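Here are my notes on the model you sent, set out as numbered points. Please read them with the coordinates open beside you.

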Amino acid sequence: METKVFEKRFGVTAVEKGYITPDQLIEALAIQVAEEISTGDHDLIGKILFEQGILTMERIDEVLVAMRE
């Protein structure tokens with residue numbers, strides 16, 4: 001049987017760190033999906049949350065570091 005490695009996603013890690021709420025993540029995901037549907041491309045969750053003024057670049061970096069742990 002094959003074992004799969006699952007990495008934590010950016011949004012889940014940001015919620016776990018207390019930087020965003022689950023509702024803020026859901027809203028950012030909705031924006032991401034809408035972008036994908038309308039343009040065929042989408043921004044990263046971190047960029048969406050930054051542009052909404054929810055996350056700072058410092059916190060984005062902290063989430064990225066935590067994802068590697």
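1. In this predicted model, a convenient place to begin is V63, which, once its neighbours within four places in sequence are set aside, is in contact with F10, T13, A14, K17 and Y19. Three of these partners, F10, A14 and Y19, are listed together with V63 in the largest nonpolar core.

2. T13, another of the residues that V63 contacts, lies in helix 1. Is T13 buried or exposed? The relative accessible area of T13 is 4%, and because the cut-off for a buried residue is under 20%, T13 counts as buried. Leaving out residues up to four places away in sequence, T13 touches K8, V63, A66 and M67.

3. The largest nonpolar core has 12 residues, and beyond F10, A14, Y19 and V63 its members include I20, L25, A28, I45, I48, L49, L55 and I60. At least two residues of this core come from each of helix 1 (10-16), helix 2 (22-39), helix 3 (45-51) and helix 4 (57-68), and helix 3 gives the most, with 3 residues. As general background, nonpolar side chains in soluble globular proteins tend to be buried together.

4. On the overall fold, the chain has 4 helices and 0 strands, so that the pattern read along the sequence is α-α-α-α under the DSSP assignment of helices and strands. Among the contacts in the chain with a separation of 6 or more, 47% are between residues 24 or more positions apart.

5. As for burial and surface, 23% of the 69 residues in the chain are buried. The accessible surface of the chain comes to about 5,300 Å², and carbon and sulfur atoms account for 56% of that surface.

6. Which residues are the closest to the centre of the largest pocket? The pocket itself holds about 300 Å³ of space, and of the 15 residues that line it, F10, G11, L44, I45 and G46 are the closest to its centre. Two of these, F10 and I45, are also listed in the largest nonpolar core, so a reader following the core residues will meet the pocket lining as well, given that lining residues have an atom within 4 Å of a pocket point.

7. The lining of the largest pocket, taken by class, has 9 nonpolar, 4 polar and 2 charged residues. Helix 1, helix 2, helix 3 and helix 4 each supply at least two residues of that lining, just as each of these helices supplies at least two residues of the largest nonpolar core.

Definitions and conventions: Residues are numbered from 1 along each chain as its sequence is written. This is a predicted model: local features need pLDDT of at least 70, side-chain atom pairs count only at pLDDT 80 or more; totals for chains, interfaces and linings use all residues. Side-chain values use heavy atoms; hydrogens and water are left out. A nonpolar core is a set of buried Ala, Val, Leu, Ile, Met, Phe, Trp, Tyr and Cys residues joined through side-chain atoms within 4.5 Å. Buried means under 20% relative accessible area, exposed over 50%, partly exposed in between (1.4 Å probe, protein chains only). Contact means heavy atoms within 4.5 Å. Accessible areas come from the Shrake-Rupley method with a 1.4 Å probe; for residues, only the protein chains shown count as cover. On a 1 Å grid over the protein atoms alone, a cavity is a set of points where a 1.4 Å probe fits but cannot get out, and a pocket is an open set with protein on both sides within 12 Å along at least five of seven lines; lining residues have an atom within 4 Å of a point. Grid points are joined across faces, edges and corners, and a volume is the space filled by probe spheres set on the points. Ala, Val, Leu, Ile, Met, Phe, Trp, Tyr, Cys and Pro count as nonpolar, Asp, Glu, Lys and Arg as charged, and the others, Gly among them, as polar.
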